[in-house]
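Got your viewer open and a selection box ready? Load the model below, and let's walk through it stop by stop.

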Amino acid sequence: MEQNIETLQKSGRVIYPPAELKAQAYIQDYEKAYKQSIEDPEKFWENVAKELHWFSPWNKVLEWNYPWAKWFVDATCNISYNCLDRHVQSWRKNKVAVIWVSEEGEERIFTYAELYRQVNKCANALKALGLNKGDRVTIYLPKIPEQIVAMLACARLGLIHSVVYSGFSAKALQARIQDAESKLVITADVGYDRSKTIPLKPVVDEAVKSCSTVEKVVVVQREKNGSALTSEKEIDWEDWLKNQSTHCEALQLDSETPLYILYTSGTTGKPKGVVHVHGGYMVGTYITTRYVFDLKDEDVYFCVADPGWVTGHSYIVYGPLLNGGTILTAEGKPDYPNPGRWWDLIERYGVSIFYTTPTAVRLLMKFGEEWPAKYDLSSLRVLGSVGEPINPEAWEWFYRVTGSNKPIMDTWWQTETGSILVTPLPCVPLKPGSATRPFLGIEADVVDRDGNSIEHGGGFAVIKKPWPSMMRTIYNDPDRYLLYWNTIKGCYTAGDVCHKDKDGYLWFMGRADDVVKVAGNRIGTAEVESALVSHEAVVEAAVIGKPHKTAGEMIKAFVILKEGHTETPDLIQQLQDHVLNELGKIAVPKEVEIVSSLPKTRSGKIMRRVLKAKELGQDPGDISTLEE
Ligand code: WTA
């Protein structure tokens, strides 16, 4: 770990925010604002909440029944109302809410009024299917505006959306539909990736075969000569919305009403359904978007995430819309049709806030500085990074090619935290590679195994007090929720290893558990292992994350074959294809090594740590529990 910290910190420089930016930022003195916010966090959050619309007020800001939290107790609200109605009733009515561009350059623009109409029609269509508050809807869509419309429409009615990233396989989708017991699935015929057509409808067909709860499947038809819908269950999106009214009252919901379930990987083979609620989540995403990116009405905000992941939920859909922002979102990859793709969009739309990932930055770095140099990037004001540690080299490159005067907000957070918890603000001095300091109202720290605070040095990242956008539970699995708060007594354990420097700056180093971050996507090694052992040729498998130049980490699998099977390139390919089918492309091990044994403890647990150390040529540390 120490070695990593050194490489991370090697650039060692401090970058002060441009005076001009600081002078007009919402928060100009972080130290003062932070100190105030944590002297009385409830007061801080209450004041934030007052900037949003509530149908009826709270009796109490927080009810903390360790580790169960209720925020804005007994208040009623609706996040969809706050994202839409509030703006439609103001001058923002005809302001652009969403600009969407396809790979081929097709453009769809939604003003707040138009988005409102689409969402309301969709909400009425959902109602017409007889769906009621609390019912679950699985959304398996590519990155198209219908994804945003469907999410906000569900929220409007108190339906719980479960967005599943459209790169997941039929089996992975099925497991998520089954766990949520969804009544409806919303999908599209296809997605596009580098001009290739990716069929999605067949994936859903396969998945819902054994999902008895699914009553209907709505399909957005993108292909001109698309295949006809085949069963009675299926409805065409356009037909579904066609005759619906453009007004549908937003339900007045208790602030603790579940808004969504989002499945994420953990340390067991089964993904966990993280549950977020209307009130607290709305407050957290609203204020972080505002203060971290300094989002103003004149800004054009471009976030490259997919709403299939939490970043898309919080920082494409909810946070920016709560602020009445103008959002640019683009289908496709950063290097297609050429590596100037995103720089071109920034120039074309005058993007002022650009939120991206370290993996994408490293990918673009490979194509050289001549690509960004071709475009006018002077509209940019604030940059952002999320999902994995950004190494100083990538940080410096990103900073340089965008003009050396736009601060990078290295935002640390998780699906479970709902919103950004550790991050610079535009007024905070930056250290490349560090997510810097906790957000206002957040008490983040680095502690040892017993929960003792570490003044400076390495340890585990924890959050010491509840915050409004924290997850409320794991769907169908409250015990798994408890683990977050019971691992280290008295606080929320994030599962990250972190280093605190002398200035109190936090340097997130990666996961402390068996979760791998491949291109910023979270993958549990146990999920990949259980996919591998479900192949007929495999007895046992162990999976580790291994450093990778662009993706941050890659998956390597060690596999023991059943008797009668021998290692051939064909078999390796078969195993990779098998994982592709079981989980999806993002989980496929790049390397598969056939071995005859695996390091285990005497109780039979695979010691992945030992495998990893061996693979990386490092000292495996304490191996006294190793069986052989
Ligand atoms: C990692 C993504 C370093 C971390 C929003 C965390 C980061 C996990 C950063 C959550 C960052 C996220 N620096 N590491 N700025 N942001 N991580 O749930 O390991 O997909 O625990 O949420 O990503 O991943 P998730």
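Begin by selecting helix 13 (310-322), strand 20 (408-411) and strand 25 (506-511): each of these supplies at least two residues of the shell around the ligand. Helices here are DSSP runs of H or I with at least four residues, strands are E runs of at least two, and both are numbered from the N terminus. This is a predicted model, where local features need pLDDT of at least 70 and side-chain atom pairs count only at pLDDT 80 or more, while totals for chains, interfaces and linings use all residues. Residues are numbered from 1 along each chain as its sequence is written, and side-chain values use heavy atoms, with hydrogens and water left out.

Now show the ligand and everything near it (a heavy atom within 4 Å). Of the 17 residues there, Asp410, Thr415, Asp496, Lys517 and Arg522 come nearest. Colour the shell by class and you will find 6 nonpolar, 5 polar and 6 charged residues. In this scheme Ala, Val, Leu, Ile, Met, Phe, Trp, Tyr, Cys and Pro are nonpolar, Asp, Glu, Lys and Arg are charged, and the others, Gly among them, are polar.

Next, draw some distances, looking for polar contacts (N or O pairs within 3.5 Å). From aspartate 410, a polar side-chain atom is 2.7 Å from a ligand nitrogen. Glutamine 414 places a polar side-chain atom 2.9 Å from a ligand oxygen, and for arginine 511 the distance to a ligand oxygen is 2.8 Å. How much of the ligand does the protein bury? Taken alone the ligand exposes 530 Å², and the protein buries 95% of that (Shrake-Rupley areas with a 1.4 Å probe).

Keep helix 13 selected and add helix 12 (residues 278-292): their axes come within 8 Å and cross at roughly 85 degrees. Axes are lines fitted to C-alpha atoms over the stretch in contact, with angles from 0 to 180 degrees between N-to-C directions. The two helices are therefore roughly perpendicular, a label for angles of 65 to 115 degrees. Their contact (heavy atoms within 4.5 Å) includes Tyr281 and Tyr286 of helix 12 and His313 and Tyr318 of helix 13. Its residues divide into 7 nonpolar, 6 polar and no charged.

Finish with some backbone details:

- Proline 67, in the loop between strand 1 (60-65) and strand 2 (68-73), follows a cis peptide bond from tyrosine 66, with omega near -5 degrees.
- Tyrosine 336 and proline 337 are also joined by a cis peptide bond, with omega about 0 degrees.
- Serine 404, in the loop between helix 17 (392-401) and strand 20, has a positive phi of about 55 degrees although it is not a glycine.

Note on methods. A polar contact is a pair of N or O atoms within 3.5 Å; within protein, one must be able to donate a hydrogen and the other to accept it, and residues adjacent in sequence count only if both atoms are side-chain atoms. Angles under 35 degrees count as roughly parallel, over 145 as roughly antiparallel, 65 to 115 as roughly perpendicular and the rest as oblique.
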